[in-house]
Amino acid sequence: MKTVQEYLNDPRLLNDPGLSETPDPVREVHAIRLMLQDRRANMTAEERRADIQKRSDAFLTECGITPHYVSFPGQGKPDHETSRD
């Protein structure tokens, strides 16, 4: 996997006339966006969901946060109708 520094030297960034005069942090953001696009280019929706879940779990663990997940058996739909009188 390419690093952000390698993406900063990527021809897609080097040949972009709009980025030639931008500050380094802006170029870095574009390099990171390219890196994410390339990494996710051939992922299925399920693979992308799993990747996002894995990374968010790692981030929460790093912050010392224990996530508590909720299950919605009815997929968020109420089990019965409530009447309004």
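These notebook entries record what I looked up in a predicted model of a single chain.

**Entry 1. Confidence**

I began with the confidence values of the predicted model. The mean pLDDT of the chain is 85, and 86% of its residues reach 70 or more. I then compared the elements of the chain. Helix α4, residues 45-62, has the highest mean pLDDT, at 93, and helix α2, residues 11-14, has the lowest, at 90. I kept one caution in mind: where pLDDT is low, the predicted coordinates should not be read in detail.

**Entry 2. Overall make-up**

I next looked up the secondary structure. The chain comes to 4 helices and 0 strands, and from the N terminus on the order is α-α-α-α. I noted that 13% of the 85 residues count as buried. For contacts with a separation of 6 or more, I found that residues 24 or more positions apart account for 32%.

**Entry 3. The nonpolar core**

Which residues form the largest nonpolar core? I listed 7 residues: Tyr7, Leu8, Leu13, Leu19, Ala31, Leu34 and Met35. Helices α1 (4-8) and α3 (24-40) each supply at least two residues of this core. The most comes from α3, which gives 3 residues.

I followed one member of the core, Leu34, through its contacts. Setting aside residues up to four places away in sequence, Leu34 touches Tyr7, Arg12 and Leu13. Of these partners, Tyr7 and Leu13 are themselves listed in the core.

**Entry 4. Helix α3**

I checked the span of α3. This helix has 17 residues and reaches 24 Å from its first C-alpha to its last, close to the 24 Å expected at 1.5 Å a residue.

Which residues of α3 are buried? I recorded Arg27, Ala31, Leu34, Met35 and Arg39. They lie on the same side of α3, because they cover an arc of only 130° around the axis. I then looked up what this buried set faces, and found that the buried residues of α3 pack against α1, α2 and α4.

**Entry 5. Arg39 and Asp51**

I turned to Arg39, which has its place in helix α3. Leaving aside neighbours within four places in sequence, Arg39 is in contact with Met1, Asp51 and Arg55. With Asp51 I found a side-chain polar contact of 3.3 Å.

I then examined the partner. Asp51 lies in helix α4. Is Asp51 buried or exposed? Its relative accessibility is 12%, so Asp51 counts as buried, the cut-off being under 20%. Apart from residues up to four places away in sequence, Asp51 touches Arg39, Arg40 and Met43. I also noted the spacing of Asp51 and Arg40: 11 residues apart in sequence, and 9.3 Å apart in space from C-alpha to C-alpha.

**Entry 6. Met43 in the loop**

The third of these partners led me to the loop between α3 and α4, where Met43 lies. Met43 is partly exposed, with a relative accessible area of 25%. When neighbours within four places in sequence are left aside, Met43 is in contact with Arg48 and Asp51.

**Entry 7. Helix α4 and its end**

I checked the span of α4 in the same manner. This helix has 18 residues and reaches 26 Å from first C-alpha to last, close to the 26 Å expected at 1.5 Å a residue. Just after α4, I found that Gly64 takes a positive phi of about 80°.

**Entry 8. The segment after α4**

I looked up two residues of this segment, Pro67 and Tyr69, beginning with Pro67, which is found there. Pro67 is partly exposed, with a relative accessible area of 29%. Not counting residues up to four places away in sequence, Pro67 touches Asp57 and Leu60. Pro67 and Asp57 are 10 residues apart in sequence, with 7.7 Å between them in space, C-alpha to C-alpha.

Tyr69 also has its place in the segment after α4. Is Tyr69 buried or exposed? At 55% relative accessibility, Tyr69 counts as exposed, since the cut-off for that class is over 50%. Tyr69 nevertheless has contacts outside its sequence neighbourhood: not counting residues up to four places away, Tyr69 touches Gln53 and Asp57. I closed the entry by noting that Asp57 appears among the contacts of Pro67 and among those of Tyr69.

Methods. Residues are numbered from 1 along each chain as its sequence is written. Side-chain values use heavy atoms; hydrogens and water are left out. pLDDT is the predictor's confidence in each residue, from 0 to 100. A nonpolar core is a set of buried Ala, Val, Leu, Ile, Met, Phe, Trp, Tyr and Cys residues joined through side-chain atoms within 4.5 Å. Buried means under 20% relative accessible area, exposed over 50%, partly exposed in between (1.4 Å probe, protein chains only). Contact means heavy atoms within 4.5 Å. A polar contact is a pair of N or O atoms within 3.5 Å; within protein, one must be able to donate a hydrogen and the other to accept it, and residues adjacent in sequence count only if both atoms are side-chain atoms. The expected span of a helix is 1.5 Å times one less than its number of residues. The arc is that of the directions from the helix axis to the C-beta atoms.
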